[in-house]
Amino acid sequence: MERRTFINIGLAGLGTTLLVADAASAQFIPKPSTEKWAILFGTWYGSARDASVWISEGMGGIAPAFDIRQVPADLAGFDHVVIGTAIHGGRGPKDLEDYISKNADKLQSKIRGTFVVCGNRGKMPGPQQVTDYVDGYLGKLCKVSGVPGRAFGGRITQALMPEAEFKSIQDMYAKIGGPLGDWDNLNRMECLKFGREIFAAKKA
């Protein structure tokens with residue numbers, strides 16, 4: 001499946017974004033904090049990236065968000081990690097699966113939350129998607145349980161998708177009564193709320 005490369009973005013201070021010149025290494029600069037958090041995400045077209053930035057906002061903007069394709073080689077500098085992914089066909093991107101499989105033992109004790117972003121055929125996800133994707137897929141992949149987890153609604157943005165893939169999804173939705181054209185169920189306020197929940201759970 002063709003994928004686009006996205007720039008890691010986020011908050012600095014009161015929302016100012018600082019990007020370095022090289023897009024391959026661009027990331028947002030988080031607010032200063034004595035607590036070292038990171039959010040690692042897998043994405044195809046940017047939905048999990050945006051959810052990651054909003055989750056960091058909910059935590060006070062202290063966690064840099066890293067596309068799994070650009071994650072630092074050494075995570076020793078981070079004490080707390082949140083992992084999330086977009087879901088397509090019941091799974092996240094292969095890059096995410098490969099990275100977690102290779103680093104699960106190093107990550108396991110640092111993981112404070114997990115989340116997925118799923119289209120769910122245009123419907124808002126519910127308890128079943130949490131069971132299937134957050135617990136049954138991502139939790140097992142990361143070898144964690146008992147941490148806050150959430151399933152967020154996904155979106156379709158034609159401009160970010162290969163034409164053939166967009167057409168394939170539109171054809172499928174036409175048969176099953178799903179939404180056509182662009183649509184967006186990814187809710188920023190829910191992501192902010194989850195960020196606060198993760199931060200509060202860590203302090204409890």
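How many bridges join strand S4 to S5, and do the two run parallel or antiparallel? In this predicted model, 5 bridges join strand S4 (residues 111–118) to S5, and the two strands run parallel.

**The chain as a whole**

The secondary structure of the protein chain consists of 5 helices and 7 strands. Read from the N terminus, the elements follow the order β-α-β-β-α-β-α-β-β-α-β-α. The chain has 204 residues, and 49% of them count as buried. Among contacts in the chain with a separation of 6 or more, 79% are between residues 24 or more positions apart. The chain exposes about 10,000 Å², and carbon and sulfur atoms supply 53% of that area.

**The sheet**

Five of the strands form an open sheet in the order S2-S1-S3-S4-S5, with parallel pairing. Strand S2 (65–67) and S5 are at the edges and have a single partner strand each, so one side of each is left without a neighbour in the sheet. On average, neighbouring strands of this sheet are turned by 20 degrees against each other, direction ignored. Strands of a sheet pair through backbone hydrogen bonds, in either a parallel or an antiparallel way.

Two of the pairings are set out below.

| Strand pair | Bridges | Direction | One bridge pair |
|---|---|---|---|
| S3 (residues 80–87) and S4 | 7 bridges | parallel | Ile 87 and Cys 118 |
| S4 (residues 111–118) and S5 | 5 bridges | parallel | Cys 118 and Gly 153 |

Cys 118 of S4 thus appears in both rows: its partners are Ile 87 and, in S5, Gly 153.

Is S5 enclosed or open to its surroundings? Of the 5 residues of S5 (residues 149–153), 4 are buried, so this strand is largely enclosed by the rest of the structure. S5 nevertheless stands at an edge of the sheet.

**Helix H3**

Helix H3 (residues 127–142) forms a right-handed β-α-β unit together with S4 and S5. H3 packs on the sheet and touches S3, S4 and S5. The direction of H3 makes about 130 degrees with that of S4.

**Ile 169 in helix H4**

Ile 169 lies in helix H4 (residues 163–176). Why does Ile 169 count as buried? Its relative accessibility is 13%, and buried means under 20%. Apart from neighbours within four places in sequence, Ile 169 is in contact with Ile 156 and Met 161. Ile 169 and Arg 121 are 48 residues apart in sequence, and their C-alpha atoms are 9.3 Å apart in space.

Terms used: Residues are numbered from 1 along each chain as its sequence is written. This is a predicted model: local features need pLDDT of at least 70, side-chain atom pairs count only at pLDDT 80 or more; totals for chains, interfaces and linings use all residues. Side-chain values use heavy atoms; hydrogens and water are left out. Buried means under 20% relative accessible area, exposed over 50%, partly exposed in between (1.4 Å probe, protein chains only). Contact means heavy atoms within 4.5 Å. Two strands pair if DSSP finds at least two bridges between them. A crossover is right-handed if, with the strands pointing away from the viewer, the path from the first strand over the helix to the second runs clockwise. Axes are lines fitted to C-alpha atoms, for helices over the stretch in contact, and angles run from 0 to 180 degrees between N-to-C directions. Accessible areas come from the Shrake-Rupley method with a 1.4 Å probe; for residues, only the protein chains shown count as cover.
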